[in-house]
Amino acid sequence: MIVVAGEALIDLVPRGSGPLADLRPARGGGPYNTAVALGRLGSPTAFCSRVSYDVYGEALLTGLREAGVDVTSVQRGPEPTTLALASIGEDGSARYSFYVEGSADRMFEAPEQLPAGTRAVSFGTCSLVLEPGASAYEELLHGVAARGVFTALDPNIRPGLVADPAAHRARFKSWLPSVALLKLSEEDAEWLGGTPEQWLASGPSAVVVTRGGEGMTAYTRDGAVHRVPGEKVDVVDTIGAGDTVNAALLHGLSAREALSAASLAALTAEDWGGLLRFAARAAAVTCSRAGAEPPYASEVDGD
């Protein structure tokens, strides 16, 4: 079982151009997209979050169930669902404005236990910024890592939500000793500062940096660097692409029985090449359609 911990929200995606274009509600949130992608790829997956009782919350839970994701660890509350207003650039890239005050996912409390058979827990995005939930997710991260559970982190920085950038950068560094796999975009890396080598020295066994259409690069503690190019595709938008990479990496590591720091360190160059190519193909499928719609296993040839 791979558990994904973090927010579920509704993306409001423009249909057409202009500031008053019609908005299409779509299920989203980095962790939510990661959980759906894992479920669609066929990995046993559970979602750990707090979701509203409102109609959007019900739609979010329906999407998880349809992807085969276990929702027994989802907390519920009367607070509204977080909204993220997306704006799409000419290159398909997305920018967001968030409506987060008093929303359900901020009220998350660290659970006493996770589903039986949990082998890995993935964290990231808004849930690690917005209090009081951020401290609860942080507590969960350090707790599961201390018990030897494999952990993955995708910081997925949304600058508009970070009130104190210096404090958040320091907090990010405090998470690294509890992280086995760090995945982040080139933009995240620039915002956070530091280098893959510095992050590896702080704890992770591997760091994967995504570079949009240019592909992605994995750095490991032994000094190895593994690169693959991006998959060529007609981009509709990039919503959920990074989350799909996150899921594909975890799915591929699970398939290779590599959800531990030691087994991750033992991966060969061939292993990394296959893993990264698989993640690039999966992300390309997501980019080829509107909104966060990650692929099913049948849409991605395995490596």
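Where is the place of P132 in this structure? P132 sits in the loop between β9 and α3, and a cis peptide bond with an omega of about 5 degrees joins E131 and P132. The model described here is predicted, and the points below take up its sheet, one of its strands, one of its helices, its aromatic residues, its cysteines and its backbone angles.

**The open sheet**

- Eight strands form an open sheet with mixed pairing, and their order is β4-β1-β9-β10-β11-β12-β13-β14.
- The edge strands of this sheet are β4 (45-48) and β14 (225-228), each of which pairs on one side only.
- From one strand to the next, the twist averages 15 degrees.
- Strand β10 (residues 150-154) and β11 run parallel and are joined by two bridges, and the bridge partner of A152 in β11 is L181.

**Strand β12 and its neighbours**

- Strand β12 (residues 206-210) is largely enclosed by the rest of the structure, because five of its five residues are buried.
- In a regular strand the side chains alternate between the two faces of the sheet.
- Both faces of β12 are covered, since A206, V208 and T210 on one side are buried and V207 and V209 on the other side are buried as well.
- On the β11 side, strand β11 (residues 181-185) runs parallel to β12 and is joined to it by five bridges, with S185 standing opposite T210 in β12.
- Strand β13 (residues 216-220) also pairs with β12 over five bridges, but in the antiparallel sense, and here V209 stands opposite T217 in β13.
- β12 and β13 form a hairpin with five residues between them, and in the turn G212 has a positive phi of about 60 degrees.

**Helix α7**

- What distance should the 15 residues of helix α7 (residues 241-255) span at 1.5 Å a residue? The expected span is 21 Å, and the end C-alpha atoms are 21 Å apart, which agrees.
- Helix α7 is mostly covered, as 13 of its 15 residues are buried.
- Just after α7 comes E257, whose phi is positive at about 55 degrees.

**Aromatic residues**

- The structure holds three aromatic pairs, and two of them are described here, beginning with F108 and Y137, which are stacked at 3.9 Å centre to centre with 5 degrees between the planes.
- F108 lies in the loop between β8 (94-99) and β9 (120-124), while Y137 lies in helix α3 (residues 133-146), so this pair ties together parts that are 29 residues apart in sequence.
- F108 is buried, with a relative accessible area of 2%, and Y137 also counts as buried, at 0% relative accessibility.
- F172 and W199 form an edge-to-face pair, with 6.2 Å centre to centre and 90 degrees between the planes.
- Because F172 lies in helix α4 (residues 165-175) and W199 in helix α6 (residues 196-202), their pair ties together parts that are 27 residues apart in sequence.
- F172 and W199 are both buried.
- A charge and a ring also meet in this structure, where the charged end of R169 sits over the ring of W191, 4.1 Å from its centre.

**Cysteines**

- How many disulfides does a search of the whole structure find? The search finds zero disulfides, and for C48 the nearest cysteine sulfur, that of C126, is 16 Å away.
- C126 is likewise in no disulfide, and its nearest cysteine sulfur is that of C48.
- C48 counts as buried at 0% relative accessibility, and C126 is buried with a relative accessible area of 5%.

**Backbone angles that stand out**

- Most residues other than glycine have a negative phi, and most peptide bonds are trans.
- N156 is not a glycine and yet has a positive phi of about 45 degrees; N156 is found in the loop between β10 and α4.
- Is N156 buried or exposed? N156 is buried, with a relative accessible area of 11%.
- E257 is also a residue other than glycine with a positive phi, near 55 degrees, and E257 lies in the loop between α7 and α8 (261-265).
- At 57% relative accessibility E257 counts as exposed, whereas N156 is buried.

Terms used
Residues numbered from 1 in each chain as written. Predicted model: local features only at pLDDT ≥ 70, side-chain atom pairs only at ≥ 80, totals over all residues. Heavy atoms only, no water. Helix = DSSP H or I, 4+ residues; strand = E, 2+ residues; numbered from the N terminus. Expected span 1.5 Å × (residues − 1). Buried < 20%, exposed > 50% of the residue type's maximum accessible area, 1.4 Å probe, protein only. Pairing = 2+ DSSP bridges. Phe/Tyr/Trp six-rings, centres within 6.5 Å; stacked < 30°, edge-to-face > 60°. Lys NZ or Arg CZ within 6 Å of the ring centre and 35° of its normal. Axes fitted to C-alpha atoms, helices over the stretch in contact; angles between N-to-C directions. Disulfide = S-S within 2.5 Å.
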